[in-house]
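Below are some comments on the model, in numbered points. Please read them with the structure open.

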Amino acid sequence: YQRHRQGLADASHRLGLALQEAGQRSPGEYGEALSACGEAHQQAGSARTEACAAEELHVLSKLRAHDGKAASDCRRTVRQYEAAVHELALLRRARQDAQLAKQAASGDSVLAPTVEGDAAR
């Protein structure tokens, strides 16, 4: 899109120059009309070039600002994810430690229910 707009501006400049040159070579009112038309095309090309530059400046600056914000959001989300994974590992370790402590306090082992069941038979 940007290249297309820049191409139109360049074409307008070239057409304006060509019309002005043709106007200088042609005598009378026809030559003046060609020169005036060439000047109008030159002005239109300049306006297009300025508009293209202004649009590029505003659009690209916003994209650059958004890029930095998106990267910041991504880093923050990764930190939150890593913190959640760490907390989950801590919870699993605490659960395992609690189960081991409970077994040690009660004196029963993991095999106690099986052994007691076989002894009752």
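1. Aspartate 73 is partly exposed, at 27% relative accessibility; the classes are buried under 20% relative accessible area, exposed over 50% and partly exposed in between, with a 1.4 Å probe and protein chains only. On the same scale lysine 69 is exposed, with a relative accessible area of 52%, and arginine 76 is partly exposed at 39%.

2. Basis of the values. This is a predicted model, in which local features need pLDDT of at least 70 and side-chain atom pairs count only at pLDDT 80 or more, while totals for chains, interfaces and linings use all residues. Residues are numbered from 1 along each chain as its sequence is written, and side-chain values use heavy atoms, with hydrogens and water left out.

3. Salt bridges. A search of the whole structure gives two (a side-chain nitrogen of Lys or Arg within 4 Å of a carboxyl oxygen of Asp or Glu). Aspartate 73 pairs with lysine 69 at 3.7 Å, N to O, and with arginine 76 at 2.9 Å, N to O. Lys69, Asp73 and Arg76 are thereby linked in a network of salt bridges.

4. Why can aspartate 73 and lysine 69 be separated by about one helical turn? They are four residues apart in helix α2. Aspartate 73 and arginine 76, three residues apart in helix α2, are likewise separated by about one helical turn. An α-helix has 3.6 residues a turn, so residues three or four places apart point the same way.

5. Helix α2. It covers residues 28–106, helices being DSSP runs (H or I, at least four residues; numbered from the N terminus). Its 79 residues should span 117 Å at 1.5 Å a residue, and the end C-alpha atoms are 116 Å apart, which agrees; the expected span is 1.5 Å times one less than the number of residues. The buried residues of α2 are Gly31, Leu34, Gly38, Gln42, Gly45 and Cys52.

6. Serine 12. This residue is in helix α1, residues 2–25, and is buried at 6% relative accessibility. Serine 12 touches His41, Gln42, Ala44, Gly45 and Arg48, not counting residues up to four places away in sequence; contact means heavy atoms within 4.5 Å. Of these partners, Gln42 and Gly45 are among the buried residues of α2.

7. Nonpolar surface. Val59, Leu60 and Leu63 make a nonpolar surface patch of about 230 Å². Valine 59 lies in helix α2 and is partly exposed, with a relative accessible area of 40%. Patch residues have over 30% relative accessible area and no salt bridge, with like charges joined within 9 Å and nonpolar side chains (Val, Leu, Ile, Met, Phe, Trp, Tyr) within 5 Å; accessible areas come from the Shrake-Rupley method with a 1.4 Å probe, and for residues only the protein chains shown count as cover.

Terms used: Helix = DSSP H or I, 4+ residues; strand = E, 2+ residues; numbered from the N terminus.
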